[in-house]
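New to this one? Here is a quick walk through the model, starting with a single residue and working outwards.

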Amino acid sequence: MSNTNDIQDEWTEMVEEMNNAVADSMEQNMKAQAAFVESWADAVEDTIPKEEDLADGMDGYNRAYEEWIDAAEQMVERSTEAAQGEDVDPAEFRDIWLQSANEAFKHVMGTSAFAAANGQLVESMMEMQQEADDLSQDTLEQLGFPTRDDVDEIGERLIELERRQHAVEQKLDRVLEHLEE
């Protein structure tokens, strides 16, 4: 009977360990999700457009939607006419969609919301580029390679040396001229 109790105790202990592992895993998962949501909220917080930009953007999207609906109606009309035997050039279908796409994009891209989003995108890209540049400069420095600042400093020193050499050459030329006289 003691053997059965030992097996039951081992089983209980194993199940308890599994339950603890699952509980720990769930807790870590919840913490990770909370950190993600917090990070996402911080990132999105600065990208929420102003109310007037949002209204302008919605108006632009509505006008673009109307362009697409008009194009779809034209396509149905021309398809019906083609099905009834009318000679319809296939290029007309392409032209309808190209024209409607151009108009729709014009409506969307002409909004202040689009301009604001593009501004934020460019700003983010510039920040990322600066961070990448800083990282590469730090990496070069740690590896013992010359950084951009080092190369700039060497360039400035060379220019200064050339300026000084030119001044010395001019003085030497004046001395030689004076001696020749």
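## A first look, starting at S100

S100 is buried, with a relative accessible area of just 4%. That is well inside the category, because a residue counts as buried when its relative accessible area is under 20%. Keep in mind that this is a predicted model.

So where does S100 sit? Its place is in helix α3, which covers residues 90-109. Leaving aside residues up to four places away in sequence, S100 touches E67, W68 and A71.

## The chain as a whole

Zoom out, and the secondary structure comes to five helices and zero strands. Reading from the N terminus, the elements run α-α-α-α-α. The chain has 181 residues, and buried ones make up 10% of them. Its accessible surface is about 15,300 Å², with 57% of that belonging to carbon and sulfur atoms.

How do the contacts spread along the sequence? Take those between residues at least 6 apart in sequence: 60% of them join residues at least 24 apart.

## Helix α3 and its two sides

Back to α3. Its 20 residues should span 28 Å at 1.5 Å a residue, and the end C-alpha atoms are 29 Å apart, which agrees.

Which residues of α3 are buried? They are I96, S100, A101, A104, H107 and V108. These cover an arc of only 130 degrees around the axis, so they sit on the same side of α3. The face turned away from that buried side carries the exposed residues Q99, N102 and K106.

One of the buried residues, V108, gives a nice link to another helix. Y65 lies in helix α2, residues 51-83. Y65 and V108 are 43 residues apart in sequence, with their C-alpha atoms 9.7 Å apart in space. While V108 is buried, Y65 is exposed, at 54% relative accessible area.

## A nonpolar patch

Now for the surface. W68, W97, F105 and M109 make a nonpolar patch of about 400 Å². Helix α3 gives the most to this patch, with three residues. W97 has its place in α3 and counts as partly exposed, at 31% relative accessibility. That value is enough for W97 to qualify, because patches are made of residues with over 30% relative accessible area. W68 is a name you have met already: this patch member is also one of the residues that S100 touches.

## Salt bridges

How many salt bridges does the model have? The count comes to six. Here are some of them, with the gap between N and O atoms:

| Pair | N to O distance |
|---|---|
| R148 and D133 | 2.8 Å |
| R157 and E153 | 2.9 Å |
| E160 and R164 | 3.3 Å |

The R148 and D133 pair reaches from one helix to another. R148 lies in helix α5 (residues 148-180) and D133 in helix α4 (residues 112-142), so the bridge ties together parts that are 15 residues apart in sequence. R148 is partly exposed, at 43% relative accessibility. D133 is partly exposed too, with a relative accessible area of 22%.

The R157 and E153 pair stays within α5. These residues are four apart in that helix, which means they are separated by about one helical turn. R157 is exposed, at 55% relative accessible area, whereas E153 is partly exposed, at 39%.

E160 and R164 also both lie in α5, four residues apart, or about one turn of the helix. Salt bridges that share partners join E160, R163 and R164 into one network. E160 itself is partly exposed, with a relative accessible area of 29%.

## Helix α4 and what comes after

Helix α4, which holds D133, has 31 residues. From its first C-alpha to its last, α4 reaches 45 Å, close to the 45 Å expected at 1.5 Å a residue. Just after α4, G144 takes a positive phi of about 85 degrees.

## Back to where we started

To finish, here is S100 once more. S100 is buried at 4% and belongs to the buried set of α3, a set that lies on the same side of the helix. Its contacts include W68, which helps make the nonpolar patch along with W97, F105 and M109.

Methods:
Residues are numbered from 1 along each chain as its sequence is written. This is a predicted model: local features need pLDDT of at least 70, side-chain atom pairs count only at pLDDT 80 or more; totals for chains, interfaces and linings use all residues. Side-chain values use heavy atoms; hydrogens and water are left out. Helices (H or I, at least four residues) and strands (E, at least two) are DSSP runs, numbered from the N terminus. Buried means under 20% relative accessible area, exposed over 50%, partly exposed in between (1.4 Å probe, protein chains only). Contact means heavy atoms within 4.5 Å. Accessible areas come from the Shrake-Rupley method with a 1.4 Å probe; for residues, only the protein chains shown count as cover. A salt bridge is a side-chain nitrogen of Lys or Arg within 4 Å of a carboxyl oxygen of Asp or Glu. Patches are made of residues with over 30% relative accessible area and no salt bridge: like charges are joined within 9 Å, nonpolar side chains (Val, Leu, Ile, Met, Phe, Trp, Tyr) within 5 Å. The expected span of a helix is 1.5 Å times one less than its number of residues. The arc is that of the directions from the helix axis to the C-beta atoms.
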